[in-house]
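Take a moment to look over the sequence and turn the model around on your screen. Then read on, and we will walk through it together.

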Amino acid sequence: MVLPRPEERVQVDLDLRVWGMGADGRVFSQNARAHNISAGGALLCEIDRDLKIGDTIGVQRGERKARCKVVWAKNTRSIQKIQAGVQLLSKPDCPWIALLPKAEAEEEAPIAAPGRRRWERHKIAFLIVLYDERTPLPIRVTATDISGSGCYVETISPFPVGAGLGAELWMGEEKVTTRAWVRTSDPRVGMGLEFVGLKAEEQRRFQNYLQAKYPFSCSIEHRNPGSSSAPI
């Protein structure tokens with residue numbers, strides 16, 4: 001039996017922003033620090049709120065944001081305040097990937113599943129208008145991670161997984177209307193949407209628009225031209 005190689009931990013003193021919902025049910029957003037990091041997680045400290053194990057929080061370094069699961073948390077009753085061990089929910093989104101050894105960073109590059117296509121995801125602020133049939137007023141939100149097949153939206157009031165919404169977005173002067181399904185929902189953090197109303201050609205046009213307008217904001221892309229399925 002071959003045991004998996006443990007992830008290499010890098011000792012740092014790194015400024016971060018963290019946000020989400022504390023164990024008391026109240027929303028928080030604050031500066032914190034990381035004392036060690038890996039491709040899959042980090043040790044956070046100087047957090048003011050108690051955290052609940054299993055909850056999801058947001059973490060940001062510079063322009064890179066990611067969602068993390070709280071694996072453990074403890075009150076140090078010292079200047080370190082609340083310490084927490086967190087696990088990244090998506091390793092390719094690792095905010096501190098540039099600080100890791102090159103070999104480890106390369107190992108964490110995403111691999112596309114056979115028969116599937118992954119569009120480039122653009123880490124930008126992109127305005128989207130959502131419509132919920134239960135609410136007559138439009139809901140204006142900002143996507144922070146978007147592609148031709150979907151996006152991630154930061155919001156303290158995400159819809160539940162499986163909810164169907166109407167969505168409007170723009171390619172320059174052209175308004176595009178589609179249906180969107182909530183694929184992931186993280187309380188007090190945000191939600192992942194899949195654009196289910198766009199045909200393959202419309203997805204491709206939108207992806208080309210993002211690539212042309214924001215050429216330096218995209219992540220790694222894996223494509224299989226024979227597939228019409230595109231994960232978020």
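What follows is a tour of the chain, from its overall plan to its cores, its strands, its loops and a pocket.

Before anything else, keep in mind that this is a predicted model. How many helices and strands should you look for? The chain has two helices and twelve strands. If you follow the sequence from start to end, the order reads β-β-β-β-β-β-α-β-β-β-β-β-β-α. The chain has 232 residues, and 44% of them count as buried. You can also ask how far along the sequence the contacts reach. Among contacts between residues at least 6 apart in sequence, 59% join residues at least 24 apart.

Let us begin with the inside. In soluble globular proteins, nonpolar side chains tend to be buried together. The largest nonpolar core here has 25 residues, and Leu-44, Ile-57, Val-59 and Trp-96 touch the most other members. Which elements give two or more residues to this core? They are strand E1 (10-21), strand E2 (27-37), strand E3 (41-47), strand E4 (56-61), strand E5 (64-75) and strand E6 (82-88). Another core lies apart from this one; it has 24 residues, including Ile-128, Leu-165, Val-176 and Phe-195.

Ile-57 is a good residue to select on your screen. Setting aside its neighbours within four places in sequence, Ile-57 is in contact with Trp-19, Phe-28, Leu-44, Leu-51, Ala-66, Arg-67, Cys-68, Val-70, Val-86 and Val-189.

Now see how some of the strands are arranged. E1 and E2 pair in the antiparallel sense, with ten bridges between them. One place to find this pairing is at Arg-17, whose bridge partner in E2 is Asn-31. Five residues lie between the two strands in the hairpin of E1 and E2, and there Gly-25 takes a positive phi near 85 degrees. E2 also runs antiparallel to E3, to which it is joined by four bridges. Here you can look for Arg-33, whose bridge partner in E3 is Cys-45. The hairpin from E2 to E3 passes through three residues.

Gly-40 sits in the loop between E2 and E3. Is Gly-40 buried or exposed? Its relative accessibility is 6%, and the cut-off for buried is under 20%, so Gly-40 counts as buried. Gly-40 also shows how the fold brings together parts of the sequence: Gly-40 and Cys-68 are 28 residues apart in sequence, with 9.4 Å between their C-alpha atoms.

Two other loops are worth a stop for their backbone angles. Lys-81 is in the loop between E5 and E6. Its phi is near 55 degrees, a positive value in a residue other than glycine. Lys-81 is partly exposed, with a relative accessible area of 38%. Further along the chain, Arg-188 is found in the loop between E11 and strand E12 (190-195). Arg-188 is also a residue other than glycine with a positive phi, near 65 degrees. With a relative accessible area of 30%, Arg-188 is partly exposed.

Finally, let us visit the largest pocket. Rolling a probe the size of a water molecule over the atoms shows where empty space is left. The largest pocket holds about 480 Å³ of space. Its lining has 25 residues, and those nearest its centre are Arg-67, Asp-93, Arg-121, Asp-145 and Tyr-152. What is the lining made of? Nine of its residues are nonpolar, six are polar and ten are charged. The elements that give two or more residues to the lining are E5, strand E8 (135-146), strand E9 (150-154) and strand E11 (174-186).

Which element gives the most to this lining? E9 does, with four residues. E9 is mostly covered, as four of its five residues are buried. On one hand, E9 pairs with E8 in the antiparallel sense over three bridges, and Ala-143 has Val-153 in E9 as its bridge partner. A hairpin of three residues joins E8 to E9. On the other hand, E9 runs antiparallel to E12, with five bridges joining them. In that pairing, Glu-154 has Gly-190 in E12 as its bridge partner.

Methods:
Residues are numbered from 1 along each chain as its sequence is written. This is a predicted model: local features need pLDDT of at least 70, side-chain atom pairs count only at pLDDT 80 or more; totals for chains, interfaces and linings use all residues. Side-chain values use heavy atoms; hydrogens and water are left out. A nonpolar core is a set of buried Ala, Val, Leu, Ile, Met, Phe, Trp, Tyr and Cys residues joined through side-chain atoms within 4.5 Å. Buried means under 20% relative accessible area, exposed over 50%, partly exposed in between (1.4 Å probe, protein chains only). Contact means heavy atoms within 4.5 Å. On a 1 Å grid over the protein atoms alone, a cavity is a set of points where a 1.4 Å probe fits but cannot get out, and a pocket is an open set with protein on both sides within 12 Å along at least five of seven lines; lining residues have an atom within 4 Å of a point. Grid points are joined across faces, edges and corners, and a volume is the space filled by probe spheres set on the points. Ala, Val, Leu, Ile, Met, Phe, Trp, Tyr, Cys and Pro count as nonpolar, Asp, Glu, Lys and Arg as charged, and the others, Gly among them, as polar. Two strands pair if DSSP finds at least two bridges between them.
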